[in-house]
Amino acid sequence: MKSRRKVAENALTERALKLVEAGLSVIPVMGDRSPREPKKPALRWRRFQKRIASPAEAQEMFGGEAGALGIVCGRVSQLLVVDFDDHLRYRRFCRHLPQYSDSYTVKTRRGFHVYFRTAERVPSHQFDGGDIKGEKSYVVAAPSKIGGFGYRCVNDRPRLELGKEDIDRILNYFHVKAAAQPVPGERPALVESIDVAVMYARLAPEIGRNNALYRSASVARDGGWARKRTEECLIGTHIEEAAGPGHKAELPAERLREAVRTIESAYRSEARQLDAKAGIPNSVREALLQSQGSTVVARLLDAMWLAGWRAESRFTMGEAVALAREYGLNRKSVLQALTGDRSIFNGRQIISRRYVEYLDTGGQKGRKRGRPVELVFETPSVGRLLEVVNAPWSPSDALHPADLAAASAYRMALHREYIRRLKPRIALAVLAQRIGVNERTIRRYNEALGVKARECVGFFELARDRLACLPKRRWRAAKNATSGFWLELKECQRFPAWRHIGARLLKEKAGKVRVCLRRASSYSIAGADEAGVEYERMSEAEFARALRLRGVELDAPGMVARVGELARRAGERVASWRYERIQLEYESVARCIAEDKVAETINGYLVAEDAEGAEVRRPALRGVAYRMLKEFGNGNVFLALRLSLRETIASVARQIAGEESPPMAMDLMARALA
């Protein structure tokens with residue numbers, strides 16, 4: 001035991017002497033000698049904030065109580081360290097500021113330390129997800145070992161030299177970006193010297209070849225590179241990159257096609273981002289209106305967009321209140337949207353907030369003590385909004401400042417633009433549900449906007465062999481009415497669509513009898529010529545499905561017998577159809593596997609093939625999915641979800657009977673056997 005401790009002390013002493021020779025101020029840290037305070041300095045280290053210890057002093061310090069090695073930050077060592085508390089924050093930093101990510105980096109227990117060289121004075125402070133280690137601070141350095149974890153270097157590159165502008169850019173990334181400084185649609189300017197091929201080579205062993213290729217291509221795209229230039233730079237490197245363990249071997253031609261598709265996808269996503277510049281997606285607006293029953297958050301987001309505030313713009317409560325007043329929102333509404341009961345959706349903050357102590361946008365103010373903590377907010381990006389409300393991407397209807405003046409004006413504007421853009425054929429209840437109101441309000445909006453509704457009626461000719469399609473009147477049913485469907489003669493006379501009435505009309509009336517069904521109306525903002533009634537033919541199966549959806553029971557014993565025969569013919573084939581395989585990628589795991597992990601674990605499993613072609617099954621957990629994607633490769637893992645018996649039998653019926661089995665028969669079979 002003593003020999004191991006002696007070896008560790010010698011390694012720390014040698015490392016400390018090398019750091020002193022490199023011009024860094026070092027101090028001993030307690031480490032495992034004090035389990036309760038392992039990062040506490042082993043001596044009074046204030047004097048080493050102004051001078052570097054001599055080699056003799058370093059030899060003496062690390063020969064006693066030192067259990068770990070610490071490096072003093074600040075101007076004494078010309079050292080600035082960004083301490084990330086988790087690897088996700090570090091990856092995001094590398095993605096957004098790749099020009100600063102390729103510096104000396106140490107892996108810590110929770111995250112990473114990124115070292116920089118600078119002669120500027122930077123105060124130590126916190127940010128959301130880590131710390132800035134500057135003046136009057138120190139960091140535990142490699143090869144220290146605390147609690148069984150050894151600090152180790154993961155990027156042994158020289159420390160990048162930072163000037164004042166570089167420090168300002170980094171601090172502004174972590175802290176306040178004034179809302180008065182809009183971030184319009186222009187792309188961030190990247191340093192021309194960034195080598196995306198080197199970036200790809202660094203990322204590929206960590207996140208996989210395809211993900212590294214997509215991310216590197218995205219950085220090149222945002223830097224203004226043409227797609228052809230990106231392909232010339234990355235495709236050769238991607239083809240030569242060695243496959244990870246467990247990944248199937250691929251031919252160079254296959255790797256080439258894969259690289260072209262991935263880069264094409266990265267450049268296609270730019271078009272999606274440009275489309276999103278029109279405003280907040282309609283899917284986000286609808287989700288907020290339906291779930292919250294209020295327009296406060298949606299109106300505030302649209303006000304930010306109209307004012308030119310873009311993703312990652314930072315603002316204070318006062319700035320938000322001033323902006324909201326210009327667009328008709330009061331202070332109470334802003335408080336609800338930012339810090340009140342309207343600010344959370346499914347347990348997550350819609351507009352992220354944080355408490356910061358460092359508000360010096362110049363980045364060089366030295367005083368920190370006594371400065372009050374202030375609450376700042378960040379304008380959410382389109383991607384974050386879609387992730388928080390769990391909605392798919394959709395276009396955005398352009399709104400005017402007057403549309404945000406009141407809640408009713410906002411909802412009416414969304415309804416107006418939806419009708420004008422699509423001229424939808426849709427049920428009135430769906431229109432009402434879309435913006436969180438009732439049908440009576442939609443009728444009032446239609447009257448105010450001049451929306452014309454064109455009624456649609458489906459029909460087919462009634463005959464003796466089609467009487468079974470009509471329902472029998474039950475003893476509690478209304479005698480003289482059938483809601484939403486009826487029998488009609490040429491003279492536009494209407495009768496209840498009961499079976500006995502249809503038989504009597506066929507016997508007594510010489511003219512043709514129609515079976516009519518009211519369908520969803522089509523809406524448009526146009527002249528009076530758009531109104532009226534439109535008749536269109538339908539099949540008996542469509543009529544039967546519509547009645548079942550309305551809760552009307554049909555008697556069809558012959559059909560049930562035929563469906564039973566289909567089920568018997570299916571036999572053992574049902575068992576092999578009980579699971580549906582969904583291909584997983586890194587981007588689709590969060591969408592396919594829920595956070596609670598219960599439903600997928602019970603109703604499915606993760607499956608992949610190893611190098612020998614054997615099937616590997618594991619529980620359908622989100623963390624397990626990410627590990628399997630890293631092990632077997634992106635796109636080589638599948639989620640096998642158990643289908644309901646209704647879906648399984650309907651699929652078998654389609655395969656056995658093909659087009660000869662009508663949809664009504666398959667639905668009845670699923671209902672009978674589910």
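Here is a guided walk through this structure, from the whole chain down to single residues.

Let us start with the broad view. The model is a predicted one, and its protein has 674 residues, of which 46% count as buried. The secondary structure amounts to 24 helices and 26 strands. Of the contacts in the protein with a separation of 6 or more, 73% are between residues 24 or more positions apart. The accessible surface is about 35,300 Å², and carbon and sulfur atoms hold 50% of that area.

Before going further, it helps to know how far the model can be trusted. The mean pLDDT of the protein is 78, and 77% of the residues reach 70 or more. Strand β5, residues 112-117, has the highest confidence, at 94, whereas helix α24, residues 663-673, has the lowest, with a mean of 50. Two stretches deserve a cautious eye. Over residues 176-193 the pLDDT stays under 50, and the model gives this stretch 34 contacts beyond four places in sequence. Residues 357-372 are also below 50, with 36 contacts in the model beyond near neighbours in sequence. Where pLDDT is low, the predicted coordinates should not be read in detail.

Now to the inside of the protein. The largest nonpolar core is made up of 53 residues, and Leu288, Leu338 and Ile351 have the most contacts inside it. Helix α10, residues 296-306, supplies the largest share of this core, with eight residues. You can look at Leu338 to see how distant parts of the chain come together. Setting aside neighbours within four places in sequence, Leu338 touches a list of residues that includes Leu300, Phe315, Met317, Ile351 and Phe377. A second core, separate from that one, has 34 residues, among them Val26, Trp45, Val76 and Tyr151.

Val26, just met in the second core, also belongs to strand β1, residues 26-29. Which way do the residues of β1 point? Val26 and Pro28 face one way, Ile27 and Val29 face the other way, and all are buried. In a regular strand the side chains alternate between the two faces of the sheet. Strand β1 pairs with β2 in the antiparallel sense over four bridges, and Pro28 has Leu69 as its bridge partner in β2.

Strand β2, residues 68-72, also pairs with β8, again antiparallel and over four bridges. Here the bridge partner of Gly70 is Val140 in β8. Strand β8 covers residues 138-141, with Tyr138 and Val140 pointing one way and Val139 and Ala141 the other; all are buried.

The loops on either side of β8 each hold a backbone detail to look for. In the loop between β7 (130-133) and β8 sits Lys136. This residue has a positive phi of about 60 degrees although it is not a glycine, and Lys136 is exposed, with a relative accessible area of 60%. In the loop between β8 and β9 (145-146) you will find Pro143. A cis peptide bond joins Ala142 to Pro143, with omega about 10 degrees.

Asn390 offers another positive phi in a residue that is not a glycine, here about 55 degrees. Asn390 lies in the loop between α13 (382-389) and α14 (407-422), and is exposed, with a relative accessible area of 65%.

Among the helices, α11 spans residues 317-326 and includes Glu326. Is Glu326 buried or exposed? With a relative accessible area of 63%, Glu326 is exposed. Its C-alpha lies 9.7 Å from that of Ala307, and the two residues are 19 apart in sequence.

Our last stop is helix α22, residues 622-632, whose buried residues are Arg622, Val624, Ala625, Met628, Leu629 and Phe632. Why do these residues lie on the same side of α22? They do so because they cover an arc of only 150 degrees around the axis. Turned away from that buried side is a face carrying the exposed residues Arg627 and Lys630. After α22 comes Gly633, with a positive phi near 105 degrees.

Notes: Residues numbered from 1 in each chain as written. Predicted model: local features only at pLDDT ≥ 70, side-chain atom pairs only at ≥ 80, totals over all residues. Heavy atoms only, no water. Core = buried A, V, L, I, M, F, W, Y, C linked by side-chain atoms within 4.5 Å. Buried < 20%, exposed > 50% of the residue type's maximum accessible area, 1.4 Å probe, protein only. Helix = DSSP H or I, 4+ residues; strand = E, 2+ residues; numbered from the N terminus. Contact = heavy atoms within 4.5 Å. Areas by Shrake-Rupley, 256 points an atom, 1.4 Å probe, with all protein chains shown as cover. Arc of directions from axis to C-beta. pLDDT = per-residue confidence, 0-100. Pairing = 2+ DSSP bridges.
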